[in-house]
Amino acid sequence: MPKEVEDAEILSKFQDEKTRNEAFNMLLKKYQQKIYWHIRRMVIDHDDADDLVQDVFVKVWKNLAGFRSDAQLYTWMYRIATNECITFLNKKKQKNNISLDDVVYELADTLADSTYFDGDKAQRKLQEALLTLPEKQKLVFNMKYYEDMKYEEISEVLGTSVGALKASFHLAVKKIEAYLLSKD
């Protein structure tokens, strides 16, 4: 099993015009799946997630040369992906001139009909419960539960204090428990 490429090596190769494409391919290989699933958990639909992943990596390509290593590379990319998701969901809300509740119902229908979703019944219920959460709580829950990120890492991505994130996660868990208990 080949060892994972270090971010520093990717960034170093990206700075050199001759190895820029190779560096970007290394970056894609390392992070594309993680970014896809981060986005997919927010927007639910596979095609929308695919489109957003492309948008994210276009932005990464355009801005990577100016990346300052004051944050970790994946943190920076997660921030871009998170912002793309929020922008997408807000546009969807405005375009369809529908309330957030209606977006939740639409996404739940998409989840139920999705051929890409192969989770069991419990996993589907969890996804439905997540749809009822406010965006920030959903983001925090997904990053903590699915991606096993530390609060400090989530804080860097979302620009929120660790204390506020812990409170958001706790509230999200309580709301999910209440949803799951009400659906038995």
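Reader: Is the crossing of α2 and α3 right-handed or left-handed?

Author: In this predicted model, the crossing of α2 and α3 is right-handed.

Reader: What makes α2 oblique to α3?

Author: Start with the angle: the axes of α2 and helix α3 (residues 46-63) cross at roughly 140° and come within 9 Å. Roughly antiparallel would need an angle over 145 degrees, and roughly perpendicular covers 65 to 115. The angle fits neither of those, so α2 is oblique to α3.

Reader: Why do you give both an angle and a distance?

Author: Because two packed helices are described by the angle between their axes and the distance between the axes.

Reader: Which residues of α2 and α3 meet?

Author: From α2, the residues that meet α3 include Phe 24, Leu 27, Leu 28, Tyr 31 and Ile 35. On the α3 side, Leu 52, Val 53, Val 56, Phe 57 and Val 60 are among them. Sorted by class, the contact of α2 with α3 has 15 nonpolar, three polar and four charged residues.

Reader: How do you know that Arg 20 counts as buried?

Author: Its relative accessible area is 18%. Buried means under 20%, so Arg 20 is buried. You can find Arg 20 in helix α2 (residues 20-43). Leaving aside residues up to four places away in sequence, Arg 20 touches Lys 13, Phe 14, Gln 15 and Trp 61.

Reader: What about helix α7: why is α2 called oblique to it?

Author: The axes of α2 and helix α7 (residues 135-146) come within 10 Å and cross at roughly 140°. That angle is not over 145, as roughly antiparallel requires, and lies outside 65 to 115, so α2 is oblique to α7. The crossing of α2 and α7 is right-handed.

Reader: Which residues bring α2 and α7 together, and how do they divide by class?

Author: His 38, Arg 41 and Met 42 in α2 meet six named partners in α7, including Lys 138, Leu 139 and Tyr 146. The residues of this contact divide into four nonpolar, two polar and three charged.

Reader: What makes the phi of Ile 44 worth a remark?

Author: Most residues other than glycine have a negative phi. Ile 44 is not a glycine, yet its phi is positive, about 70°. You will find Ile 44 in the loop between α2 and α3.

Reader: And why does Ile 44 count as buried, while Asp 148 counts as exposed?

Author: Ile 44 has 4% relative accessibility, which is under the 20% cut-off, so Ile 44 counts as buried. Asp 148 has 62%, which is over 50%, so Asp 148 counts as exposed. Asp 148 also has a positive phi, near 55°, and is a residue other than glycine. Its place is in the loop between α7 and α8 (151-158).

Reader: How many helices and strands does the protein chain have?

Author: The protein chain has nine helices and zero strands. Buried residues make up 45% of its 184 residues.

Reader: What share of the contacts joins residues at least 24 apart?

Author: The share is 59%, taken among contacts between residues at least 6 apart in sequence. As for the surface, the chain exposes about 10600 Å², with carbon and sulfur atoms supplying 50% of it.

Technical notes. Residues numbered from 1 in each chain as written. Predicted model: local features only at pLDDT ≥ 70, side-chain atom pairs only at ≥ 80, totals over all residues. Heavy atoms only, no water. Helix = DSSP H or I, 4+ residues; strand = E, 2+ residues; numbered from the N terminus. Buried < 20%, exposed > 50% of the residue type's maximum accessible area, 1.4 Å probe, protein only. Contact = heavy atoms within 4.5 Å. Areas by Shrake-Rupley, 256 points an atom, 1.4 Å probe, with all protein chains shown as cover. Axes fitted to C-alpha atoms, helices over the stretch in contact; angles between N-to-C directions. Parallel < 35°, antiparallel > 145°, perpendicular 65-115°, else oblique. Left-handed = near helix turned anticlockwise from the far one by under 90°. Nonpolar A, V, L, I, M, F, W, Y, C, P; charged D, E, K, R; others polar.
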